[in-house]
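Biologist: Hello! I am new to this one, so could you put it on the screen and walk me through it?

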Amino acid sequence: MTYRVGVVGAAGYAGIELVRLLIAHPEFELAVITSNADAGTPLAAAYPAFTGVSDLVFTSHDNPALATCDVVFLAVPHTAALAQAPGLLAQGVTVIDLSADYRLDDPAVFEQWYAAAHTSPELLATRAFGLPELFAEGLARAAEGHAKGEAQLVACAGCYPTATSLAAAPALRMGLVDAAAPIVVDAISGVTGAGKTPGARTHFCHADENLEAYNVCRHRHTPEIEQILAAPGCVVFTPHLAPLRRGLLSTVTMVLAKDAAADLTAADIVERYRAFYAGRPFVQVLDAGACPQTASVVGSNVCQIGLALDARTGVLVAMGAIDNLCKGAAGQAVQCANIVCGLAESAGLPTSALPV
């Protein structure tokens, strides 16, 4: 069965990555792409990489053809999904939301961190959280509902939370970490993580040959990371911007519980992580002593995890590398849609990075 799909916000960086993946997908037919700024412009004119590949034309966000889709991906800024998701769901369309609007369980927390009213908090009770490796049960329930003909809402995890949580969650869920200690996250992203709209920080003359921290102790992904890790008030998150187009590396430092640190070795931790992620096609746990690189995952939907044990200080350092546009956004959205539609989880998704 082929599913008819649409992408709202298809001209942005995450949106155009969705277009790239969906055009080549074996079971999804990309039928509608929207961009208010580019309405009427052929896809290949805006992005010449699609010359000879697709004759799709951008339409406006209010295109009624979206209601004819089986699945619509919302690649839009926060609050924009609040305006569009409820209406699509009411028309029987399954929504895969890449924005932050439905990620946080508590609407009050959303309002605190995003300074915007949450206008459809009732949807939070039934939405599935889109991080398949850590929240498979919710996506399985969504797949059951979709099979019955019920429209589903999936809130995909953000890019920083994805890399950070995949690196840190196994240690926390296995009880290896001191629950009272801070979890220190230092993460670095390429400039596409800031979106397509240019700003002073992402201007070439500022970003090139420059590395800087930003939104220290106040980045909006902080409560999402704490929610995923079930560690409220424990995450110290420092994001950095690097002169890269794509790629994200998160380094998480966790204090080990005293009873866990005594006889633990780096090889033990690697084996436990590999057991935790057994059967998950997009997580690769590297050998002890190996560190992940963004260049090893760019263009793929893979997260590579490296682990280092500092026995001297009783600390575990877990590193996660992803492509912020693929596993951190568009690829993860397609992965979730695959699951909800009852398809192979890896359908249409690359597992190998660009070698050069």
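Modeller: What follows is a short round of questions and answers about this structure.

Modeller: Before we start, this is a predicted model, in which local features need pLDDT of at least 70 and side-chain atom pairs count only at pLDDT 80 or more, while totals for chains, interfaces and linings use all residues. Residues are numbered from 1 along each chain as its sequence is written, and side-chain values use heavy atoms, with hydrogens and water left out.

Biologist: Thanks! Which helix gives the most residues to the largest nonpolar core?

Modeller: A nonpolar core here is a set of buried Ala, Val, Leu, Ile, Met, Phe, Trp, Tyr and Cys residues joined through side-chain atoms within 4.5 Å. Buried means under 20% relative accessible area, exposed means over 50%, and partly exposed lies in between, with a 1.4 Å probe and protein chains only. The largest core has 47 residues, and those with the most contacts inside it are I183, M254, Y273 and L307. With 8 residues, the element that gives the most to this core is helix α6 (residues 159–173).

Biologist: How many residues are in the second, separate core?

Modeller: In general, nonpolar side chains tend to be buried together in soluble globular proteins. Here a second, separate core includes A10, V334, C336 and A337, and its residue count is 44.

Biologist: Which residues does T162 touch?

Modeller: T162 is found in helix α6; helices are DSSP runs of H or I with at least four residues, strands are runs of E with at least two, and both are numbered from the N terminus. T162 has a relative accessible area of 0%, so it is buried. Contact means heavy atoms within 4.5 Å. Not counting residues up to four places away in sequence, T162 touches L131, A157, I322, K327 and Q332.

Biologist: Are α5 and α11 roughly parallel or oblique to each other?

Modeller: Helix α5 (residues 136–147) packs on helix α11 (residues 326–340) at an angle of about 55°, with the axes 8 Å apart. Axes are lines fitted to C-alpha atoms, for helices over the stretch in contact, and angles run from 0 to 180 degrees between N-to-C directions. Angles under 35 degrees count as roughly parallel, over 145 as roughly antiparallel, 65 to 115 as roughly perpendicular and the rest as oblique. That makes α5, relative to α11, oblique.

Biologist: How many of the residues in that contact are charged?

Modeller: On the α5 side are L139, A142, A143 and H146, and they meet C336, I339 and V340 in α11. Ala, Val, Leu, Ile, Met, Phe, Trp, Tyr, Cys and Pro count as nonpolar, Asp, Glu, Lys and Arg as charged, and the others, Gly among them, as polar. The contact divides into 6 nonpolar, 1 polar and no charged.

Biologist: Why does C336 not form a disulfide with C156?

Modeller: A disulfide is counted when a pair of cysteine sulfur atoms lies within 2.5 Å. C336 is buried, with a relative accessible area of 0%. Its closest cysteine sulfur is in C156, and that is too far for a bond because the distance is 4.3 Å.

Biologist: How many disulfides are there by this rule?

Modeller: C291 is partly exposed, at 47% relative accessibility. Its sulfur is 14 Å from the closest cysteine sulfur, in C303, too far for a bond. By this rule the number of disulfides comes to 0.

Biologist: What is the phi of E209?

Modeller: Most residues other than glycine have a negative phi. E209 sits in the loop between α7 (204–207) and β8 (212–213), and at 72% relative accessibility it is exposed. Although E209 is not a glycine, its phi is positive, at about 60°.

Biologist: Is A230 buried or exposed?

Modeller: A230 lies in the loop between α8 (222–229) and β9 (235–241). A230 has a positive phi of about 55° although it is not a glycine. With a relative accessibility of 64%, A230 counts as exposed.

Biologist: One last stop: how far apart in space are Y277 and H78?

Modeller: Y277 lies in the loop between α10 (266–276) and β11 (283–285), and a relative accessible area of 3% makes it buried. Among the residues it touches are E133, L134 and S165. Y277 and H78 are 199 residues apart in sequence, and in space, C-alpha to C-alpha, they are apart by 31 Å.
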